[in-house]
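Got the viewer open and a selection box ready? Here's a walk through the complex, one stop at a time.

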Amino acid sequence: MNGTLTHFFSATPQAGSLGLKGPRRGTGQSDFESNNLNAPRGEFEFLGLLLLRCLMTGIAYYLTTRIVFALFLPNTRTPIAFPSYAVLTATLLFASVRYWWAYALAAICGHHLAAWQFDLPLADCLHCEVFGAVKCILAAAGIRLFVHAPLGLATLREAFAVILIAAIVVPFATSFWAAAYTTSNGNQANYWIEWWNLGLANAATAIALLPGLIIAGASSWRWPKGMSRKRLLEAIVLATALMTTGILVFTNRRDSVDASLGLMSVPVPLLIWAALRFGPGGTSAALMLNWILAIWGTIHGRGPFGGHSLVGNVHSLHCFFLIISIPVTLLAVVIKETANTQFELRENEAQFRAMTDTAPVMIWKSDAFKAYTFFNHSWLNFTGRTLEQEAGNGWAQGVHPEDYARFWGLYTDSCDRRKDFTVEYRLRRHDGEYRWILASGVPRFDPYGAFQGYIGSCVDITNGKRADLEIQQHRTELAQLSRVTMMGEFSGSMAHALNQPLTAILCNAQAALRFLAVDSNNLEEVREILKDIAEEDKRAGEVIKRLRALFKKGEIRLHRLELNGLIDEVLKLLHSDLVKHNVVVERKLAEKLPEISGDRIQLQQVMINLILNGCDAMMNTQWSERRLWLRTELTSEQSVKVTVSDRGCGISPNRMDTIFEPFETTKSKSMGLGLAVCKTIIAAHGGRLWAENNPDTGASFAFALPTHKEIE
Amino acid sequence: MTIPSPVVFVVDDEPSILKSVSRLLRSAGIGVETYLSSKEFLDRHHRHAHGCIVLDVQMPGLTGLELQNALLTDGVDMPIIFLTGHGDVSMTAKAMKRGAADFLTKPVDGGDLLEAVRVAIAKDRISWVARVEIAEINERVATLTAREVEVLTHIVAGKLNKQIAASLGNALQTVKTHRGRIMEKLRVESVADLVRLAERAGIKMAQ
């Protein structure tokens, strides 16, 4: 029997290189034929190849059928094993479904030749041929139904499908018919014994041979590459041990050694060794070796399977073999699958590193405890430091001291809420220069939803920021709009204009008091002084009147204005202020807003004031909550409304009535003219400015302006 | 020479300020002269005056600080009290460094101003004598002709008449005549007095 098997093996590599050419990972499992159909080699050549492969299949089937006939139990027509079943099933698994008929036909021819030599009755012979082919097609189709990936026993799912269908369902299901046929032909055998016999023989054959054939086919019958000497030595030691124990256990004479169940289990540790170290392929080879030795021993009345009739002994051999080999095969597949997954993980990790290191942006990762664990090359090149220096929170030494608290507050806050974040801050470059960085991070979660930290990127936006600054400086008229200058100049000119009359009044009054103290009858002098005081007072009044006139309707330069555009301009202007306050602005601007009539500069002044007020109000709000809503809407045909809502501290009710009064302020650095000026400007535009507290948190300032049409 | 009664010179472009400040000073019995611009003050100012100056910082034409400069180069060290609308630190520091007596912010309290004026006048009383003396000497030196000044530089250098005549290429008699006229114009009796006076007037020795 060993001789025929060797023959089988030496014949199949040739067939494999042509017909059983296994698909590589990633290509379709039955691409071989279709590839050839499309190939420029032509249909004729393809037909030749197909014929050759069918011939090989026929020869293989013929040889294995001879083995089947050779293994008939004495005085029965029931064989011990069906290697032909495994061979044809494996062939079909690697062939395209549309040519299955050709392979089946070839197999039938091979069987017919063997049966003819064996002098089998023609009816039996034909039945066996058709039945065998159907059995193999059922098994192959069943496996294909469940396994869509390329074959190769790489996953547990595939191994389950192969074992369940080819080694359990199909053998025992088809043996219902086979047993019925055999017993109906005048055979005296019991139907159920016959059913059990056929089912077990097919099942044991499938589990012993099919995994090995599938793996061999998947690797195109090539010996695994890159096997080290150590491993080869290990394989030889294992094979020798298997061979020795197999011979000792399964072929010993029953009278010399006690044939206990314990003895049967001797090969099991070796099989587990094979599963752990040599994958499904090695395990399959080891199982096959044991199976062949056990069959030989049982047939010759040796080994542990004795004590009953030969049929009974074969049954217990097959049962024992099925029970051992199914878990061992699955174990080997699981181990292989785990190893593959780990390899893929490592490969993914390596790919991630390679990708991030070649990326032009800086990339970092942090863990669930807020510590940074990874920086890519771009980052390390930028800071000029090593990964070890930057890891943990070492990198934060490079953050500009003024930005550190703001960044860290936002980062930890986002961490605690598992939210993504975007932040601008300054980071020290290797040459010591602080550069503006736009950083963003997204939280990472493991498959069970547990927070794993952040992954994020950073971009150097200094150049863009500089360009922005220059644009700002070019807009000289807008530059002086900055709140500080406006208030400074306003208070400066007002102080100067009022100082002169005030000085005169004070000096005059004090002089009068002195004159009266010296000589209370000097009324002429005092009268003069009082006249002057009255004069100066009027002058002071004039100054104030003139200041108020600045905001009067007549002095506003009215233009047609588009409010949404104006708001965008203001936001550009205030970008750095917003970043400094870490305020995110959300715009809800109405589309197709009608134009209004107004003074661009003055209305910008109002917007700037309201936005900066909102920012100031959110000084004590949590970093991630600092949001400002800007809304524009058309409230009626004639009126446009602009709302600025913050999430700050709100306005206390007792101040609600006075916030628009001049010199009303809660800020130590402000003169408190901002809102008063805003109100004056809006009033001069024919509009209205008001404030209210939001229902949830913060306050809203809103103003309504008449549309351009309305003014006309 | 008797010291004249102190006068406060008030310089401001704002007539109402001039009027009210001078009233205040008069109410305290202090003499006042008012000027509407720095130029007017420089034109009419009397060198022998004693008192102080009250100066507005921001004025059209010559500002208060520039006027202070001009007076310093003129050798007038009368104390100056600055008045300003809103004084910034750098301006104040500059003025004080140059010897400003005080720096007051408008609207100024009458008491503060009077106090500052009194302190300044007291200070000026000391420097007035020296100032007037030097001014008088300068006036006398100014009457000398160019030739006489030349001769004087040689006398101060301690040269004899003969040596002076040789180096100037004059007759001995001419030098003697010059010398006599110098003594007369500068109203000195001895060569020692002449040398001391020339030193105070800042006349340098001839080489």
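Start by selecting Leu52(A), Leu55(A) and Ile59(A): in this predicted model, they make up a nonpolar patch on the surface, with about 240 Å² of accessible area together. Now keep just Ile59(A), which sits in helix H3 (residues 43-70) of chain A. Its relative accessibility is 38%, so Ile59(A) counts as partly exposed.

**Colour by confidence**

Before going further, switch to pLDDT colouring. Chain A has a mean of 80, with 84% of its residues at 70 or more. Where should you be careful? Over residues 475-484 of chain A the pLDDT is below 50, though this stretch has 19 contacts in the model beyond near neighbours in sequence. Select residues 668-672 of chain A next: pLDDT stays under 50 there too, and the model has 9 contacts for them beyond four places in sequence. Going by elements of chain A, the lowest mean pLDDT belongs to helix H1 (residues 2-18) of chain A, at 36, and the highest to strand E10 (residues 639-646) of chain A, at 92.

Chain B averages 85, and 97% of the residues score at least 70. Within chain B, helix H4 (residues 89-97) of chain B has the lowest confidence, with a mean of 76, while strand E1 (residues 7-11) of chain B has the highest, at 93. For the complex, the predictor reports an ipTM of 0.72 and a pTM of 0.47.

**Chain A, zoomed out**

Show chain A as a cartoon and you'll be looking at 24 helices and 12 strands. The chain has 712 residues, of which 48% count as buried. Take the contacts in chain A with a separation of 6 or more: 66% of them come from residues 24 or more positions apart. Put a surface on chain A and it exposes about 35,800 Å², with carbon and sulfur atoms supplying 60% of that.

**Charged pairs**

Over all chains, the structure holds 37 salt bridges. Pick Asp416(A) and Lys370(A), a salt bridge whose closest N and O atoms are 3.1 Å apart. Asp416(A) is in helix H15 (residues 401-417) of chain A and Lys370(A) in the loop between strand E1 (362-366) and strand E2 (372-375) of chain A, so this pair ties together parts 46 residues apart in sequence. Is each end buried or exposed? Asp416(A) is exposed, at a relative accessible area of 51%, while Lys370(A) counts as partly exposed at 22% relative accessibility.

Next, go across to the other chain: select Glu525(A) and Arg26(B), a salt bridge with its closest N and O atoms 3.7 Å apart. The pair runs between chains, from Glu525(A) in helix H19 (residues 523-549) of chain A to Arg26(B) in helix H1 of chain B. Glu525(A) counts as buried, with 18% relative accessibility, and Arg26(B) counts as partly exposed, with 40%.

Then try Lys106(B) with Asp12(B), where the closest N and O atoms of the salt bridge are 3.5 Å apart. Lys106(B) is in the loop between strand E5 (102-105) and helix H5 (110-142) of chain B, and Asp12(B) is in the loop between E1 and H1 of chain B, so the pair ties together parts 94 residues apart in sequence. Both Lys106(B) and Asp12(B) are buried. For one more selection, highlight Asp413(A), Arg417(A), Glu625(A), Arg647(A) and Asp696(A): salt bridges that share partners join them into one network.

**A buried serine**

Move to helix H1 (residues 15-27) of chain B and click Ser20(B). Its relative accessibility is 0%, so Ser20(B) counts as buried. What does Ser20(B) contact, leaving aside its neighbours within four places in sequence? The answer is Thr503(A), Ala504(A), Cys507(A) and Asn508(A).

**Last stop: a two-faced helix**

Select helix H7 (residues 161-168) of chain B, where Asn161(B), Ile164(B), Ala165(B) and Leu168(B) are buried. Look down the axis of H7(B): the buried residues fall within an arc of 100°, so they line one face of the helix. They pack against helix H6 (146-156) and helix H8 (172-185) of chain B. Spin to the other side of H7(B) and you'll find Lys162(B) and Ala166(B) exposed. Finish on Gly169(B), which follows H7(B) and has a positive phi, near 75°.

Terms used:
Residues are numbered from 1 along each chain as its sequence is written. Chains are lettered from A and ligands numbered from 1 in the order in which they are written. This is a predicted model: local features need pLDDT of at least 70, side-chain atom pairs count only at pLDDT 80 or more; totals for chains, interfaces and linings use all residues. Side-chain values use heavy atoms; hydrogens and water are left out. pLDDT is the predictor's confidence in each residue, from 0 to 100. Helices (H or I, at least four residues) and strands (E, at least two) are DSSP runs, numbered from the N terminus. Patches are made of residues with over 30% relative accessible area and no salt bridge: like charges are joined within 9 Å, nonpolar side chains (Val, Leu, Ile, Met, Phe, Trp, Tyr) within 5 Å. Accessible areas come from the Shrake-Rupley method with a 1.4 Å probe; for residues, only the protein chains shown count as cover. A salt bridge is a side-chain nitrogen of Lys or Arg within 4 Å of a carboxyl oxygen of Asp or Glu. Buried means under 20% relative accessible area, exposed over 50%, partly exposed in between (1.4 Å probe, protein chains only). The arc is that of the directions from the helix axis to the C-beta atoms. Contact means heavy atoms within 4.5 Å.
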